[in-house]
Amino acid sequence: MSFSATKFAQPPPFSSTTTRSNEKPLSFDPFKTGTSFLGSTRKLRFNSLCENAQFKPHHRSAVVAVSELVKEKKLKSNANLLITKEEGLELYEDMVLGRAFEDMCAQMYYRGKMFGFVHLYNGQEAVSTGFIKLLKKEDSVISTYRDHVHAVSKGVPARAVMSELFGKATGCCRGQGGSMHMFSKEHNVLGGFAFIGEGIPVATGAAFTSKYRREVLKEEDCDHVTLAFFGDGTCNNGQFFECLNMAALWKLPIVFVVENNLWAIGMSHLRATSDPEIWKKGPAFGLPGVHVDGMDVLKVREVAKEAIGRARRGEGPTLVECETYRFRGHSLADPDELRDPAEKAHYAGRDPITALKKYIIENKLASEQELKTIEKTIDEVVEEAVEFADASPQPHRSQLLENVFADPKGFGIGPDGQYRCEDPKFTEGTAHV
Amino acid sequence: MATVFQGLGAATAISASNSFDSKKFQLPSRRSLSVRKDSILVVRSDGRVNHIMNRGARRAEQLITNAVATKADGSAASTASKPGHELLLFEALREGLEEEMERDLRVCVMGEDVGHYGGSYKVTKDLANKYGDLRVLDTPIAENSFTGMGIGAAMTGLRPIVEGMNMGFLLLAFNQISNNCGMLHYTSGGQFKIPIVIRGPGGVGRQLGAEHSQRLESYFQSIPGIQMVACSTPYNAKGLMKAAIRSDNPVILFEHVLLYNLKERIPDEEYVLSLEEAEMVRPGEHVTILTYSRMRYHVMQAAKTLVNKGYDPEVIDIRSLKPFDLHTIGNSVKKTHRVLIVEECMRTGGIGASLTAAISENFNDYLDAPIICLSSQDVPTPYAGTLEEWTVVQPAQIVTAVEQLCQ
């Protein structure tokens, strides 16, 4: 759904309360945006905003009136390809890994290997790959419950994530987190949160640390960037707005990435939001807001480069709205009855993996065979991950209370005068509390 | 077992990761007050004192018995001849905070009006001038978000102190405190630690109205993964502040609106108290009175009356609201066989309720009478002065309860 920016003086011409998606008049035009591979071209020119980085009154109006700065740029120009062969293969591999992993999760779930709420990322791979493959290891990623692919893109081994989903002790969180709580200290994945919006302040804190390290601890070269991924539903939540304010206020090195897949379980974004254009909410807080076609990894990557670059240079936060779509239901328990099959078909036709494959082959970056080899390798990786998870042990009872406190003296002093943590059996939860 | 430093001298059985650095002892405190280097007190709840350099033993013993600020103290003798220095409770908090900020650059403060305003109760006065606007961060009014920001900063290596201007405001941060502060260490499989301190004034004040008179310790106590402590004197305020900052666990430090101007003489030497220990305020034989924060003073006032009537109450300030120090409490119960709990929480679901359960479970055989728990009424604190007075426990009720227990 991409709105013509210049038309946005008045509210959109539909009633959001009574229409269902299959009756809606065509502000959503499935045929207009799907023609060229590099679909929506609604993006800001970043250059002008970089110059206006200082928060002066007259510059502020330039940031607010961002709709006037939209410029159409033909990305598919002559010999000027966006990616090298290596980059293309890296992106392809990452997206295929994300897709294959999630498909395997679905299989395993229906075979009774994992339980609870599992939210799959199929269809949104371009956003994760487009952003995360530009990061360094020290940069942080914060996500929501739809976090498997963010973790895997960031570098957490697929076997560790699969093992975590199976609830085994070898999982990245020792089996204690589960699908919605993927963490990795080594790869700086700070979660994995079940409540929407609650990860955004944590991301803001990670960005705050980066700024603190540079300015207070005098680590001159600390330019770590934080990415916060969240959905359209979150954009109506207070924590989102509060953090946009704080990030812009203190120019924190953070990028707020909205994965707008139009649906919050069964709630259409249009029914929940008074002004559905999320990118416009950035300028309201003094940071640039950009809309990008989230089904196109190359476009996402271009926007991400700019946004991450801004953050690294100390120019502050950016709000990036990625128009994307999830091919499956909200979770594996969602029957997905409300979404219009025409809508699903439209976005299935814009599958980011198919699109990148087409781009690579058409521009002769690699052969079909090379891509097939990648797909085969990934299949093996995912198979191996399942085998590893299957073979891993369940957590032992002694693990029950081990990680409640970083300093186990927090369990207190027992009646006998000893700290409870001195009793070796205490972590089993058998000792009297 | 007293403070973190205890392990250096005595042989202890702690095999848990108690990674303290012996270098800490040699760090001079760069304060303007005269400081004796390398002389650190380790104060135990049973009155014994261990010294690392074994100087000034006699002085230290004097300090322990004067743990409660009483009126007779300090007024007669000249201040110059006594050891230590006198200050108010909020200054003690600031002193502890400043010492820790000096010692570790990663310690920072965030909250509303903590910077330029110096804190609504002046606990962070002048710190922003000294340490800058980033280390003492004035936040917008967004408790949930800036508490979450503190948690994210703690996960990535800083040691933030989040101030709730009034503890009641932290109700807005309950999402972050419960889900992230308490649980993240566990759900991440132990990968991330959250060394955050959340502090602020709470409790019933002088006609502040219902919403500014809340006791959040009863709401937070179920959250797994956090520790809660309540300070009541300048001495324990400073010690607990320092201990909370140094702890790798998330700690909620409860201060009380009416106690900020208490005056006491505290040691010049650096000291850190134990987060998990209770404080023996007044040893006795007849009855164990367990209390914390402001109610300690109502109890001590009642104690005077009780002593005149011939009773000998043992008063313990439990200090650690989560976890309970069942050793100190248990020893007392085994001695007196009668327990009275005096708290400011409401009757339902308060700290007293949990404490009653814990004592009943662990020390039932030692009790000669049922435990009496005096709490505030289950009512939103009224504005009218008379009604407010009847909401909280008053000394007369404490006296009556002890008489009832000791029949």
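1. In what order do the seven strands of the open sheet in chain B run? In this predicted model, the order is β5-β4-β6-β7-β9-β8-β14, and the pairing is mixed. The edges are taken by β5 (136–138) and β14 (320–322) of chain B, each of which pairs on one side only. From one strand to the next, the twist averages 20 degrees.

2. Helix α4 (residues 89–103) of chain B packs on this seven-stranded sheet. The strands of chain B that α4 touches are β4 (107–111), β5, β6 (159–163) and β9. The direction of the helix makes about 130 degrees with that of β4(B).

3. At the β14 edge, the pairing partner is strand β8 (residues 227–230) of chain B. The two strands are joined in the antiparallel sense over two bridges. M228(B) has K322(B) as its bridge partner in β14(B). The residue K322(B) also enters a cis peptide bond, the one leading to P323(B), with omega near 5 degrees. P323(B) itself sits in the loop between β14 and α12 (326–336) of chain B.

4. A backbone point elsewhere in chain B concerns D126(B). Although D126(B) is not a glycine, its phi is positive, at about 70 degrees. D126(B) is placed in the loop that runs between β4 and α5 (127–131) of chain B.

5. The record should be set beside the model here. UniProt, in an unreviewed entry, places "domain: Transketolase-like pyrimidine-binding" at residues 87–262 of chain B. Over that span the chain is 36% helix and 18% strand. The C-alpha atoms at the two ends of the span are 8 Å apart.

6. Chain B also has an open sheet of five strands, in the order β11-β13-β12-β15-β16 and with mixed pairing. Strands β11 (279–282) and β16 (372–376) of chain B stand at the edges with a single partner strand each, so one side of each has no neighbour in the sheet. For this five-stranded sheet, the twist averages 25 degrees from one strand to the next.

7. Within the five-stranded sheet, strand β12 (residues 287–291) and strand β15 (residues 339–346) of chain B run parallel and are joined by four bridges. T291(B) is matched with V342(B), its bridge partner in β15(B). Helix α13 (residues 351–363) of chain B lies across β12, β15 and β16 of chain B. The helix runs at about 150 degrees to β15(B).

8. How many cavities of 30 Å³ or more are counted? The count comes to four. The second largest cavity has a volume of about 100 Å³. Its lining is made of 16 residues, and those nearest the centre of the cavity are G203(B), E217(B), H256(B), Y292(B) and S293(B). Strand β9 (residues 251–256) of chain B gives the largest share of this lining, three residues. Sorted by class, the lining of the second largest cavity holds six nonpolar, five polar and five charged residues.

9. Turning to chain A, an unreviewed UniProt entry places "domain: Dehydrogenase E1 component" at residues 94–396 of chain A. This span is 45% helix and 12% strand, and its end C-alpha atoms lie 34 Å apart.

10. What is the angle at which helices α13 and α14 of chain A cross? The axes of α13 (residues 352–362) and α14 (residues 368–391) of chain A cross at roughly 145 degrees and come within 10 Å. On the α13(A) side the contact is made by K357(A), I360(A) and I361(A). The α14(A) side contributes E368(A), L371(A), K372(A) and E375(A). By class, the residues of this contact of α13(A) with α14(A) are three nonpolar and four charged, with no polar ones.

11. Chain A has a cis peptide bond to check as well. This bond joins G191(A) and G192(A), with omega at about 10 degrees. G192(A) is found in the loop between β3 (189–190) and α7 (199–215) of chain A.

Terms used:
Residues numbered from 1 in each chain as written. Chains lettered and ligands numbered in written order. Predicted model: local features only at pLDDT ≥ 70, side-chain atom pairs only at ≥ 80, totals over all residues. Heavy atoms only, no water. UniProt positions renumbered as here; feature names shortened; annotations may be inferred. Pairing = 2+ DSSP bridges. Axes fitted to C-alpha atoms, helices over the stretch in contact; angles between N-to-C directions. Contact = heavy atoms within 4.5 Å. 1 Å grid on protein atoms, 1.4 Å probe; cavity = no way out; pocket = protein on both sides within 12 Å on 5 of 7 lines; lining within 4 Å. Points joined across faces, edges and corners; volume = space filled by probe spheres on them. Nonpolar A, V, L, I, M, F, W, Y, C, P; charged D, E, K, R; others polar.
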